[in-house]
Amino acid sequence: MTALAHPSPPSPFLGDYAGELREPRPRKDGVRHVDTPRLIQKLKELGVTHYFYLIWHAPTDWDDLRHEFLPAARQAGIDVWVYLVPPSESRRIQSEPFGTDYVAWFRAIGSLSRHYANLKGIVMDDFNHNLSFFTPEYVSRMKQAGKKINPDLLFYPQIYYTALHSHFLKKYRSLFDGVVMTFRDGKYRNTQRTRDLEDQASKASRLLNREGLPLILMVHASKLSATPSHPSARYVDRSLRAGLRQLHHGNIQGLVTYVLHKEWFPERRDRTAYSGYGYGSLFIPSGPSPAPGDKGEIRQRIRPGPSGEYRLRFHHMSVYPRNLRKGEYVKQLLIGNRVVWEEDVRAGRVEEWKRKTLNLTPHLRGKKKTSLTMRLVRKQGKSPTWLYIGFDRLDPLGFQLTHADFEEPSGWSYRSNHPAVIGETLIYDPNRRLRVYLITMMMYHTFHLYHQISSSGPPPLQGMADSMLQSVIGGRTQHVCRDLELLKKALEQDDTLPSSQRETWINQIDRLDRILTINP
């Protein structure tokens, strides 16, 4: 049977932002320039098709883009977007050479894009936090400066979900070509919860779709400021799977990782437990604040032994900004419903672990079972601020605790009466960077394979590719391996595709299988 030629489908928008690699040593100008060959190699390995090139970290970033990165990206088939920082991020360091003269930036980028067709557009960070500067009149001047040189130059502001509403779009719609929405849980700024990601993406998509604007979803692969730690590999995995589902449904037109690290070493600053790797954390993010009486807690049921003597030694710490006032938040320990210890969050130095020993005999004598609870409670005030506390290494006498050292997430229950209080067992992962890298590689290459087969493969293969993608999105690793094996067998038996196309897809399947073996 004659093999049919199939045109190559356009690449899906699978992107990465910043996280650039630098050369190991400074050049003659004293600057460690962007290491273009290594960065391109990593982007290709990940399956990135669109890269948001941040101009901010070094005064040579613009020249590195023009003279080195853009031509290399063009050869590698990677589209590039220049990512600029707004005035709110330009107080200490500015993007060189034009600083906050964004008319000049658009003019220069427009001119550069005439020479490099893979330079697609501009993304402006934290656009909705700088609206007093980015008035519709000024944004119009920016846009015109770029489009006068290249009418195809695109502008996507980076905007958070809470700012995406019809009144805002009514003012700016004619000035946007699309929107980049970074997920950080809406009002409650964190990288621990993902439950609202798809709902927010769907709602933003419907709003933007009415305006004819594409939506690019950006998910955190590294630390969000004023949070306890980098997002876990599990968080990134859940975020990317949710993003792929939205991409598959057509609710978003692109998926981008926020600062995906491409060099792998332990992030030792995240190892903040008193001992071992884990501790129990209660975190209040920036955003709407809890009211007096709102709280979060870490709880475990206990059964006092027959000894009649009970003590508890534990360790605790606090992290908070300077503007937190004394008396606003307290840490507590309870037996049953009775508070047996309380201390102001501001007592002691930031991130200093302190030891406390309590005599619990009066509270436990005669009890067959009760609960031990550690709490973070707002006592007074209403000013918004972030903070978090930790508990670790509990040493009980006269009763037992499951995972008293918090080295496992089980044993403890976390509860809160306000969504701004987030509880979790935070466990330091020395291999987090590598695991996140492999997760992203697996997700991106899976979607590439699905997209290619569903665009140009015969119907039976399309169904199998869709099944494979659904298994990945659902986190069903064993099903993914089975789906890949079935897809490979079907390809080997297919006689309608060009042999080169079959080989390409079989090689992609083998690659995915190896990634799953390394990071199941």
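# Close-up views of a predicted protein model

**View 1. The whole chain, with 12 helices and 18 strands.** This is a predicted model. The C-alpha atoms fill a box of roughly 85 × 60 × 50 Å along the principal axes. A compact globule of 520 residues would have a radius of gyration near 24 Å, and the protein's value of 26 Å agrees with that. Buried residues account for 55% of the 520 residues; buried here means under 20% relative accessible area. The protein exposes about 23200 Å². Carbon and sulfur atoms supply 47% of that exposed area. Now take the contacts between residues at least 6 apart in sequence: 76% of them join residues at least 24 apart.

**View 2. Strand β2, covered on both faces.** The strand spans residues 50-54. Is β2 mostly covered or mostly open? It is mostly covered, with 5 of its 5 residues buried. His50, Phe52 and Leu54 lie on one side, and Tyr51 and Tyr53 lie on the other. Each of these five residues is buried.

**View 3. Strand β2 and its parallel partners β1 and β3.** Strands of a sheet pair through backbone hydrogen bonds, either parallel or antiparallel. Strand β1 covers residues 14-17. It pairs with β2 in the parallel sense, over 3 bridges. Look for Gly15: its bridge partner in β2 is His50. Strand β3 covers residues 79-84 and also pairs with β2 in the parallel sense, over 5 bridges. Here Leu54 has Tyr83 as its bridge partner in β3.

**View 4. Two right-handed β-α-β units that share β2.** Start at β1. This strand, helix α1 and β2 make a right-handed β-α-β unit. Helix α1 spans residues 36-46. Now carry on from β2. Together with helix α2 and β3, β2 makes another right-handed β-α-β unit. Helix α2 spans residues 61-76.

**View 5. Strand β8, with β1 and β7 as parallel partners.** Strand β8 runs over residues 254-258. Of its 5 residues, 4 are buried, so the rest of the structure largely encloses this strand. How many bridges join β1 to β8? There are 4, and the two strands run parallel. Asp16 has Thr257 in β8 as its bridge partner. Strand β7 covers residues 215-220 and is joined to β8 by 5 bridges, again in parallel. On this side, Met218 has Val256 in β8 as its bridge partner. The chain passes from β7 through helix α7, residues 233-249, to reach β8. This β-α-β crossover is right-handed.

**View 6. An open sheet of 5 strands with antiparallel pairing.** The strand order is β13-β12-β15-β10-β17. Which strands stand at the edges? They are β13 (338-344) and β17 (413-416). Each has a single partner strand, so one side of each is left without a neighbour in the sheet. Neighbouring strands of this sheet are turned by 20° against each other on average, direction ignored.

**View 7. The edge strand β17 and its partner β10.** Strand β10 spans residues 295-302. It is joined to β17 by 4 bridges, and the two run antiparallel. Find Arg299: it stands opposite Ser413 in β17.

Definitions and conventions: Residues numbered from 1 in each chain as written. Predicted model: local features only at pLDDT ≥ 70, side-chain atom pairs only at ≥ 80, totals over all residues. Heavy atoms only, no water. Buried < 20%, exposed > 50% of the residue type's maximum accessible area, 1.4 Å probe, protein only. Pairing = 2+ DSSP bridges. Right-handed = clockwise from strand over helix to strand, strands pointing away. Rg over C-alpha atoms; globule rule 2.2 N^0.38 Å. Contact = heavy atoms within 4.5 Å. Areas by Shrake-Rupley, 256 points an atom, 1.4 Å probe, with all protein chains shown as cover. Axes fitted to C-alpha atoms, helices over the stretch in contact; angles between N-to-C directions.
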